Amino acid sequence: MKRDSGYSTMAEQQKQEEKLWHAMKISACVLGTGLLVFTALANSVSWYAQSIWDTLGHFWQTTWLEFYYLFEGDEWTIFLLGAALVPALAFWCFNGILMVADVTGKPAFITRYRIQLGKNDPVDTKKLCQAIYVALFNQFFISLPMLVPMFSVMKWWGNTFSKELPTFHWFLVELSIFTIIEEILFYYTHRLVHLPLLYKHIHKKHHEWTAPIGVVSIYAHPVEHILSNTLPVMTGPMVMGSHIVSIAVWFSLALITTSISHCGYHLPLLPSPEFHDFHHLKFNQCYGVLGVLDYLHGTDRAFRQTKAYERHRVLLSLTPLSESIPEAPKRAE
């Protein structure tokens, strides 16, 4: 009897091994086929994308040369236009639309996405005028003069005003490096100005807005504007010796992104502003841009336990997240 039970056990194990081996072969076949199909599709998509980019690249290269010769290669003029005028236009055009919504409460397709319900509805026009004044002051009397030493650094690199534009792939590499540098510098300088002494005399100005709006992104004390707003964005291009076109695009993206983070509206298809909006609401959470360093340092723990964290994603529908993921009702006292 014992022998029979032993044989049956061995037979069962053999069957299980055969089933396992059969399953592994099927899995390998499926995964191998899937990998081949994916590789074929990826190569096809990559080929089409490269073809499109080659066409666009020729257009932008021609446009850049026409622009370059229009100003007869005057590097200082080209640098001012690319590093100052283009980003400033991007900032004020974007925030001009938001300010119309802030002041008038219209159009509804913007205001219905308000994060802090009942706040800035409408915005205090006196506070808004003060914010605009400070933002303009910082742009003209802080950011603009800082472009002078930056211009010298870029001249030293010798690539900034090249007649040949960087490739799209290289720009993506630069953009990744710019973003990492900005995250590191902004996180630590931001935490620095939250130290009690510096907060009282410097950073408190920015936190006058517990429910921020777009233009408040550069509403700050001059020292903070240098440390936290300008240097983290300027450092990447100076380290990489970037082309002026890359600088213009990066500065514009940085200003629009920080405006979105402060705008107070969680709009469809745009990056979520919930993270930084929560910082303005609570002060001691969510110091960074991407949230990576906040996660590593544990400065987003309270945020992760809130409804705002659940809403912290790109909105892919027309239903406001404040409706689909509302705040829990307050307990009656």
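1. Glutamate 75 counts as partly exposed, at 23% relative accessibility, in what is a predicted model. This glutamate takes part in a salt bridge with lysine 155, and the closest N and O atoms of the two side chains are 2.7 Å apart. Lysine 155 is likewise partly exposed, with a relative accessible area of 45%. The pair joins distant parts of the chain, since lysine 155 sits in helix α4 and glutamate 75 in helix α2, with their positions 80 residues apart in sequence.

2. How many salt bridges does the structure contain? The count comes to 6. As a general matter, side chains of opposite charge can pair when their charged atoms come close. A further example is the bridge between arginine 304 and aspartate 300, with 2.9 Å from N to O. In this pair aspartate 300 is buried, at 4% relative accessibility, whereas arginine 304 is partly exposed, at 34%. There is also a network of salt bridges, which links Glu274, Arg311 and Glu327.

3. Arginine 114 deserves a point to itself. Its relative accessibility is 7%, and it therefore counts as buried, the limit for that class being under 20%. Arginine 114 forms a salt bridge with aspartate 121, where the closest N and O atoms are 3.5 Å apart. The same residue name appears among those lining the largest cavity, and Arg114 is also one of the residues that line the second largest cavity.

4. On the cavities themselves, the structure holds 2 of 30 Å³ or more. In general, rolling a probe the size of a water molecule over the atoms shows where empty space is left. The largest cavity contains about 60 Å³ of space, and its lining includes Asp102, Lys119, Asn120, Pro212, Tyr265 and Asp277. By class, this lining divides into 5 nonpolar, 3 polar and 4 charged residues. The second largest cavity contains about 50 Å³, and among the residues around it are Tyr113, His266, Pro320 and Ser322. Its lining is made up of 4 nonpolar, 2 polar and 4 charged residues. Glu274 and Arg311, which belong to the salt-bridge network, are both found in the lining of this second cavity.

5. Which residues touch the most other members of the largest nonpolar core? They are Phe79, Ala83, Met150, Ile244, Ile247 and Phe251, out of the 25 residues that make up this core. Helices α1, α2, α4, α5, α7 and α8 each supply at least two of its residues, and α4 gives the most, with 6. Phenylalanine 79 shows how such contacts are arranged: leaving aside neighbours within four places in sequence, this residue is in contact with Ala84, Leu147, Met150, Phe151, Met154, Phe161, Ile244 and Ile247. Apart from this core lies another, of 14 residues, which include Ala131, Trp209, Val215 and Leu255.

6. Methionine 99 belongs to helix α2, which covers residues 75-104. With a relative accessible area of 13%, methionine 99 is buried. When residues up to four places away in sequence are not counted, methionine 99 touches Trp92, Leu128 and Ile132. Methionine 99 and glycine 214 are 115 residues apart in sequence, and yet their C-alpha atoms are 7.8 Å apart in space.

7. The backbone has some details that a careful reader may wish to check in the model. The peptide bond from lysine 106 to proline 107 is cis, with omega near 0 degrees, and proline 107 lies in the loop between α2 and α3. Another cis peptide bond runs from aspartate 121 to proline 122, with omega near 5 degrees, and proline 122 is placed in the loop between α3 and α4. Aspartate 121 is also the salt-bridge partner of arginine 114.

8. Finally, where do residues other than glycine have a positive phi? Asparagine 120 has a phi of about 50 degrees, and this residue is found in the loop between α3 and α4. Leucine 269 has a phi near 70 degrees and lies in the loop between α8 and α9. Are these two residues buried or exposed? Asparagine 120 is buried, at 18% relative accessibility, while leucine 269 is exposed, with a relative accessible area of 65%.

Note on methods. Residues are numbered from 1 along each chain as its sequence is written. Side-chain values use heavy atoms; hydrogens and water are left out. Helices (H or I, at least four residues) and strands (E, at least two) are DSSP runs, numbered from the N terminus. Buried means under 20% relative accessible area, exposed over 50%, partly exposed in between (1.4 Å probe, protein chains only). Contact means heavy atoms within 4.5 Å. A nonpolar core is a set of buried Ala, Val, Leu, Ile, Met, Phe, Trp, Tyr and Cys residues joined through side-chain atoms within 4.5 Å. On a 1 Å grid over the protein atoms alone, a cavity is a set of points where a 1.4 Å probe fits but cannot get out, and a pocket is an open set with protein on both sides within 12 Å along at least five of seven lines; lining residues have an atom within 4 Å of a point. Grid points are joined across faces, edges and corners, and a volume is the space filled by probe spheres set on the points. Ala, Val, Leu, Ile, Met, Phe, Trp, Tyr, Cys and Pro count as nonpolar, Asp, Glu, Lys and Arg as charged, and the others, Gly among them, as polar. A salt bridge is a side-chain nitrogen of Lys or Arg within 4 Å of a carboxyl oxygen of Asp or Glu.
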